[in-house]
Amino acid sequence: MSIRPLKKYVLVAQKEKEAVSGGGIILQSSNGDGSTTTGVVIAVGPEVTDVAVDDEIILQWGKSKPVTVDGVQRVMILEEDIIAILDK
């Protein structure tokens, strides 16, 4: 299935980070309303001007809307809720 975001929406694949304690226990990360996370842009709407497909970004997690595309969890976010583009 193909998906095309509308207007200023951006489809993002969240980059998973595993936190491991000193004893080797994998800690589950929590993304509360105020937290940020990194992701990779999968698709952009026609009014998006500052990010492009394959950009790695930092976004406000609490502002994202979860969507499932081809059985994979992604998030949809407005361009204005993207905080930064990470240089490659």
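Buried means under 20% relative accessible area, exposed over 50%, and partly exposed in between (1.4 Å probe, protein chains only). The model is predicted: local features need pLDDT of at least 70, side-chain atom pairs count only at pLDDT 80 or more, and totals for chains, interfaces and linings use all residues. Residues are numbered from 1 along each chain as its sequence is written, and side-chain values use heavy atoms, with hydrogens and water left out.

**Exercise 1.** State what share of the 88 residues in the chain is buried.

Solution. Buried residues account for 28% of the chain.

**Exercise 2.** Describe the secondary structure of the chain, then find where confidence is lowest and highest.

Solution. Step one: with strands taken as DSSP runs (E, at least two residues) and helices likewise (H or I, at least four), the chain has eight strands and zero helices. Step two: pLDDT, the predictor's confidence in each residue from 0 to 100, averages 85 over the chain. Its lowest mean, 50, falls in strand E3 (residues 26-27), and its highest, 95, in strand E8 (residues 82-86). Where pLDDT is low, the predicted coordinates should not be read in detail.

**Exercise 3.** Identify the largest nonpolar core and place Val12 in it.

Solution. Step one: such a core is a set of buried Ala, Val, Leu, Ile, Met, Phe, Trp, Tyr and Cys residues joined through side-chain atoms within 4.5 Å. Step two: the largest has 11 residues, including Val12, Ile57, Trp61 and Val75. Strands E1 (9-14), E5 (56-60) and E7 (72-78) each give two or more residues to this core. Step three: beyond neighbours within four places in sequence, Val12 is in contact (heavy atoms within 4.5 Å) with residues including Gly39, Ile57, Leu59 and Ile77.
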